[in-house]
Amino acid sequence: MSEHFFPVIDIEYIDPYPWTVIPPRDGAVGPFEEWDDIQAWCREEAEDLWLDRELDPGPNGIDFVADTLAQCAEAFSPPGTDHWLFLHRDHPTDLPLPVFAAIGPSSGPREETLRTLTMADDPQAVEPPVVKRFRAKRLGEGLTSFRYANQDVVPHLLACARYAWRVEEHGANVVMWTATEDIARIMHAAQDLEQLAHQLAVYNP
């Protein structure tokens, strides 16, 4: 990323109910000081999650959720990464669906770039991806795609959803994506994914 590129993803409008937001661990907005002790951060998040849902965690609920968050943080947002990570779940003990969002300087033809970012022409797709135009509330018009892709190591298909925008005002490209072998899980979260796309914004400090 260019050292002169200043816009960052703004999460001010994100609905905290279905999402646990894990900040970048590098780049313009990271690392956060709270991540100096990742275990303590995850435990505080777990406590807040149970409290916000007004549910009884029982004797082990907080530890279980804190451990799950820590494992997700290390697996999907290790030190050195500069993307945002959003973990979707309905119940605190659900296995989270990881959703990522990243920003970078715009370059190249707009349509070609958006097709690349959404993997609209992915050769690993088992059939042509479903590609649609999508107008987000704060990022404007972009593309979204949904596809089933083969994996190199295991025989299970991946269900993949991607959104991408060219934000001309800030000279930025924004991409949001997720992928999972649990097809029912991504279908169940589809409405929340779309709402997250509407809630993302760009801030230029």
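**Close-up views of a predicted model**

**View 1. Two cysteines that stay unbonded.** The sulfur of cysteine 42 lies 8.8 Å from the closest cysteine sulfur, which belongs to cysteine 72, and that is too far for a bond. This is a predicted model, and the cut-off to keep in mind is that a disulfide needs two cysteine sulfur atoms within 2.5 Å. Looking from the other side, cysteine 72 has its closest cysteine sulfur in cysteine 42, again 8.8 Å away and too far for a bond. Are these cysteines buried or exposed? Cysteine 42 is buried, with 0% relative accessibility, and cysteine 72 is buried too, at 8%. The count of disulfides comes to 0.

**View 2. The open sheet from edge to edge.** Here you can follow 7 strands, which form an open sheet with antiparallel pairing. In what order do the strands sit? Reading across, you meet β2, β3, β4, β8, β7, β6 and β5. The edge strands are β2 (19–22) and β5, each of which pairs on one side only. From one strand to the next, the twist averages 20°. As a reminder for your first look at a sheet, strands pair through backbone hydrogen bonds, either parallel or antiparallel.

**View 3. Strands β3 and β4, with a helix packed on the sheet.** Strand β3 (residues 84–88) runs antiparallel to strand β4 (residues 97–105), and 5 bridges join them. To find one pair for yourself, start at leucine 85: its bridge partner in β4 is phenylalanine 100. Helix α2 packs on the sheet, where it touches β2, β3 and β4. The direction of α2 makes about 140° with that of β3.

**View 4. Strand β6 and its two neighbours.** Why is β6 described as largely enclosed by the rest of the structure? Of the 10 residues in this strand (residues 140–149), 7 are buried, so β6 is largely enclosed. On one side, β5 and β6 pair in the antiparallel sense over 7 bridges, and a hairpin of 3 residues joins the two strands. Look for valine 130, whose bridge partner in β6 is phenylalanine 146. β6 also runs antiparallel to β7, with 8 bridges between them. In that pairing, tyrosine 148 stands opposite alanine 159 in β7.

**View 5. Two nonpolar cores.** The largest nonpolar core holds 27 residues. Those with the most contacts inside this core are Trp19, Phe86, Leu139, Trp165, Val174, Met176 and Leu200. Among the elements that give two or more residues to the core are β7 (158–167), β8 (172–180) and α5 (190–199). Which element gives the largest share? That is β7, with 5 residues. A second, separate core has 17 residues, including Trp41, Trp50, Ala66 and Leu85.

**View 6. Two loop residues with positive phi.** Most residues other than glycine have a negative phi. Glutamate 54 has a phi near 55°, a positive value in a residue other than glycine. Where does glutamate 54 lie? You can find this residue in the loop between α1 (38–53) and α2 (61–76). Glutamate 54 counts as exposed, at 72% relative accessibility. Methionine 119 also has a positive phi, near 55°, and belongs to the loop between α3 (110–117) and β5 (130–136). With a relative accessible area of 29%, methionine 119 is partly exposed.

Terms used: Residues are numbered from 1 along each chain as its sequence is written. This is a predicted model: local features need pLDDT of at least 70, side-chain atom pairs count only at pLDDT 80 or more; totals for chains, interfaces and linings use all residues. Side-chain values use heavy atoms; hydrogens and water are left out. Helices (H or I, at least four residues) and strands (E, at least two) are DSSP runs, numbered from the N terminus. Buried means under 20% relative accessible area, exposed over 50%, partly exposed in between (1.4 Å probe, protein chains only). Two strands pair if DSSP finds at least two bridges between them. Axes are lines fitted to C-alpha atoms, for helices over the stretch in contact, and angles run from 0 to 180 degrees between N-to-C directions. Contact means heavy atoms within 4.5 Å. A nonpolar core is a set of buried Ala, Val, Leu, Ile, Met, Phe, Trp, Tyr and Cys residues joined through side-chain atoms within 4.5 Å.
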